[in-house]
Amino acid sequence: GLSFILANGSSSSFQTRSLKDVSIHEIDLTKHPHVYMIFQKDCEACHQQVSDLNCLETPVTLIGGFASERDLRKEYRKMKSDFQVVLGTSELLKALGASKNLTPQTILITNSKKLHFTGLTTCTKMKKATQGVAL
């Protein structure tokens with residue numbers, strides 16, 4: 001059970017809108033391994049982070065936060081990414097333990113822990129952090 005890693009008293013399942021289209025996605029924070037990357041508008045480092053996540057071989061969900069849905073949709077289109085992308089509701093960001101207005105934030109959930117990286121973090125560094133950790 002991953003319940004111990006989520007912010008106290010919060011749900012582990014969230015419904016939110018896709019930023020690719022308007023479909024509703026269910027985000028289940030107990031699914032692992034999984035990488036969540038939080039981005040906001042005008043974040044160059046977020047673009048670099050997204051292109052570096054491909055090496056993880058882990059499902060990735062991009063979460064737009066700290067800006068209007070319209071701005072986040074525009075930013076996502078600039079990223080030229082195929083990852084699932086959703087709107088970061090305040091509940092979802094809180095459950096992930098996101099720090100306000102800091103991006104990129106990359107949260108890697110394994111079956112035993114939550115690794116939280118702030119700022120541009122190389123894929124190599126993330127892989128090292130998961131060595132010996134059961135995904």
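The exercises below concern a predicted model and cover its sheet, its packed helices, one buried side chain and some backbone geometry.

**Exercise 1. The sheet**

Task: Give the strand order of the open sheet and find which strands stand at the edges.

Solution:
- Step 1. The open sheet is formed by 5 strands in the order β5-β4-β3-β6-β7, with mixed pairing.
- Step 2. β5 and β7 (114-118) each have a single partner strand, so they stand at the edges and one side of each has no neighbour in the sheet.
- Step 3. On average, neighbouring strands of this sheet are turned by 20° against each other, direction ignored.
- Step 4. For the pair β4 and β5, the strands run parallel and are joined by 4 bridges. Leucine 62 stands opposite valine 85 in β5.

**Exercise 2. Helices on the sheet**

Task: State which strands helix α1 touches and which strands α2 lies across.

Solution:
- Step 1. Helix α1 (residues 44-52) packs on the sheet and touches β3, β4 and β6. The direction of α1 makes about 160° with that of β3.
- Step 2. α2 lies across β3, β4 and β5 and runs at about 115° to β3.

**Exercise 3. Glutamine 105**

Task: Decide whether glutamine 105 is buried or exposed, and find the backbone oxygens that lie 2.6 Å and 2.7 Å from a polar atom of its side chain.

Solution:
- Step 1. Glutamine 105 is found in strand β6.
- Step 2. Its relative accessible area is 0%, and buried means under 20%, so glutamine 105 is buried.
- Step 3. A polar atom of the glutamine 105 side chain lies 2.6 Å from the backbone oxygen of serine 99. For the backbone oxygen of leucine 102, the distance to a polar atom of that side chain is 2.7 Å.
- Step 4. Leaving aside neighbours within four places in sequence, glutamine 105 is in contact with residues including Tyr36, Ile38, Phe66, His116 and Thr118.

**Exercise 4. Backbone geometry**

Task: Locate the cis peptide bonds that precede proline 33 and proline 104, then place phenylalanine 66 and lysine 80, which have positive phi.

Solution:
- Step 1. Histidine 32 and proline 33 are joined by a cis peptide bond with omega about -5°. Proline 33 is in the loop between β2 (24-28) and β3 (34-39).
- Step 2. A cis peptide bond with omega about -5° also joins threonine 103 and proline 104. Proline 104 is in the loop between α3 (90-96) and β6 (105-109).
- Step 3. Phenylalanine 66 is not a glycine, yet has a phi of about 60°. This residue is in the loop between β4 (60-64) and α2 (69-79), and at 23% relative accessibility phenylalanine 66 counts as partly exposed.
- Step 4. Lysine 80 has a phi near 50° and lies in the loop between α2 and β5 (84-87). With a relative accessible area of 74%, lysine 80 is exposed.

Methods. Residues are numbered from 1 along each chain as its sequence is written. This is a predicted model: local features need pLDDT of at least 70, side-chain atom pairs count only at pLDDT 80 or more; totals for chains, interfaces and linings use all residues. Side-chain values use heavy atoms; hydrogens and water are left out. Helices (H or I, at least four residues) and strands (E, at least two) are DSSP runs, numbered from the N terminus. Buried means under 20% relative accessible area, exposed over 50%, partly exposed in between (1.4 Å probe, protein chains only). A polar contact is a pair of N or O atoms within 3.5 Å; within protein, one must be able to donate a hydrogen and the other to accept it, and residues adjacent in sequence count only if both atoms are side-chain atoms. Contact means heavy atoms within 4.5 Å. Two strands pair if DSSP finds at least two bridges between them. Axes are lines fitted to C-alpha atoms, for helices over the stretch in contact, and angles run from 0 to 180 degrees between N-to-C directions.
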